[in-house]
Protein chains: 2
Amino acid sequence: MIRTIAFDADDTLWVNETYFRDAEDYFCNLLTDYVSFKECQKRLFDMEMRNLPLYGYGIKPFTLSLIECAIDITDGDVSSETITKIIDIGKEMLMAPVDVMKGVEKTLKTLSKKYRLVVATKGDLLDQERKLEKSGLSSYFHHIEVMSDKKPVNYTNLIQHLDIEPAAFLMIGNSLKSDVVPVLEIGGHAYHIPFHTTWAHEQIDFEVTHKQFKAFESVTQLLEVL
Amino acid sequence: MIRTIAFDADDTLWVNETYFRDAEDYFCNLLTDYVSFKECQKRLFDMEMRNLPLYGYGIKPFTLSLIECAIDITDGDVSSETITKIIDIGKEMLMAPVDVMKGVEKTLKTLSKKYRLVVATKGDLLDQERKLEKSGLSSYFHHIEVMSDKKPVNYTNLIQHLDIEPAAFLMIGNSLKSDVVPVLEIGGHAYHIPFHTTWAHEQIDFEVTHKQFKAFESVTQLLEVL
């Protein structure tokens with residue numbers, strides 16, 4: 001019944017959240033004269049949430065929020081050296097190598113013989129295209145769909161665009177909130193493979209049980225059911 | 001023969017470059033103590049070109065380049081008040097109203113009865129989706145394609161994705177460099193409608209003559225030939 005499989009990219013195909021958490025640690029270490037590490041993390045998260053509707057997801061929004069947060073936390077006292085360091089954090093993240101997760105290539109290779117595979121990811125088009133290119137995984141995918149958000153309406157658009165029925169669509173990803181719940185809501189299948197770190201914004205506090213839902217510990221386990 | 005018409009968005013469907021030039025004027029006026037207006041414009045353009053491969057197109061890359069350029073021009077002497085003003089410029093640009101150009105709606109309404117219309121634009125997905133929404137023009141388009149660049153390869157991907165032959169594809173836009181030349185190169189049709197202001201990066205210094213090329217002064221003139 002499943003004909004098309006969409007993979008989330010960040011923290012499903014390759015490591016991502018780790019880079020953001022490392023950047024956050026570096027940032028908060030720059031500001032220890034002004035606030036505690038914990039308070040800094042909280043202020044940054046609040047700033048990101050405030051800017052999210054306007055900026056969207058990705059490294060450039062994150063960098064802009066870091067700069068605004070540094071000015072906010074230091075009450076304008078931040079030095080231009082620190083701002084330059086923040087700009088450099090963002091650039092380094094954009095240039096970072098792509099660390100493909102264990103078992104991903106083998107799994108895609110096998111699945112691509114039987115299913116049409118696509119990438120369905122939030123974030124920035126240029127950045128995600130670059131990461132797909134660097135990953136060496138491009139050839140397994142029919143196309144890459146960068147979505148401005150992962151709400152039910154965005155998945156409905158994607159499925160129409162792919163010209164299939166929701167029941168023929170399977171989404172695989174690390175976020176219950178973004179990759180699983182909205183897909184089940186519109187009649188698709190969704191499989192969850194958690195990553196060890198989840199951004200607070202992606203966390204949900206309920207259990208998912210649904211006949212079109214499955215959970216796995218690693219990507220290679222997909223081959224046992226697909 | 002033409003079946004699908006792709007419209008560029010910025011400065012073809014709605015005003016865009018004007019907002020960037022206004023922001024640039026505001027920015028250079030903040031820095032008159034350090035450099036002349038003309039030198040500021042030059043330094044900003046150089047900074048944008050240096051950051052383009054990494055950041056791509058759009059308002060967020062522009063904002064990050066403004067910040068970096070302010071630090072560079074002032075040799076680190078820029079105040080956090082100025083950085084905050086720059087962040088605010090970017091936010092205002094993201095929230096700006098969409099000024100649909102004269103004759104666009106009437107033209108789209110007529111063309112949408114005979115052709116499949118799509119939007120083909122560079123820049124930021126969230127920002128372009130928001131502008132299309134604000135413009136009130138969404139219903140005339142089959143879909144919006146945000147491209148990381150407008151090189152021949154990007155158009156080839158778009159045309160494959162639309163499942164048509166290049167000869168059945170017409171691109172309409174204000175940039176000879178991005179909307180016309182690469183499309184003619186891959187065998188498509190391209191019509192040029194200039195906007196009064198063109199970003200230096202989009203300027204070319206040769207004439208276009210090609211049997212699949214036409215030039216118009218305003219969008220409503222399209223109805224005379226399509």
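How many residues does the contact take from chain B and from chain A? The legends below address this question and describe a predicted model.

**Figure 1. The contact between chain B and chain A.** The contact takes 27 residues from chain B and 27 residues from chain A. On the side of chain B that touches chain A, at least two residues each come from helix H2 (37-55), helix H3 (59-73), helix H4 (80-95), H6 and S3 of chain B. Of the elements of chain B, H4(B) gives the most to this side, with eight residues. By residue type, the side of chain B that touches chain A comprises 14 nonpolar, eight polar and five charged residues.

**Figure 2. The relation between the two copies.** A turn of 180 degrees, with a shift of 0.0 Å along the axis, lays chain B on chain A with an RMSD of 0.0 Å. The two copies are therefore related as by a two-fold rotation axis. Both copies use the same surface, since 100% of the contact residues of chain B recur in chain A.

**Figure 3. The pairing of strands S2 and S3 in chain B.** Strand S2 of chain B, formed by residues 116-122, pairs with strand S3 of chain B, formed by residues 143-147. The pairing is parallel and runs over five bridges. Within this view, Lys122(B) stands opposite Met147(B), a residue of S3(B).

**Figure 4. The β-α-β unit of chain B.** S2(B), helix H6 of chain B (residues 125-135) and S3(B) make a β-α-β unit, which is right-handed. Two of these elements also appear in Figure 1: H6 and S3 of chain B each supply at least two residues of the side that touches chain A.

Definitions and conventions: Residues are numbered from 1 along each chain as its sequence is written. Chains are lettered from A and ligands numbered from 1 in the order in which they are written. This is a predicted model: local features need pLDDT of at least 70, side-chain atom pairs count only at pLDDT 80 or more; totals for chains, interfaces and linings use all residues. Two strands pair if DSSP finds at least two bridges between them. Helices (H or I, at least four residues) and strands (E, at least two) are DSSP runs, numbered from the N terminus. A crossover is right-handed if, with the strands pointing away from the viewer, the path from the first strand over the helix to the second runs clockwise. Two residues are in contact if their C-beta atoms, placed from the backbone, lie within 7 Å. Ala, Val, Leu, Ile, Met, Phe, Trp, Tyr, Cys and Pro count as nonpolar, Asp, Glu, Lys and Arg as charged, and the others, Gly among them, as polar. Copies are superposed by least squares on the C-alpha atoms of residues with pLDDT of at least 70 in both.
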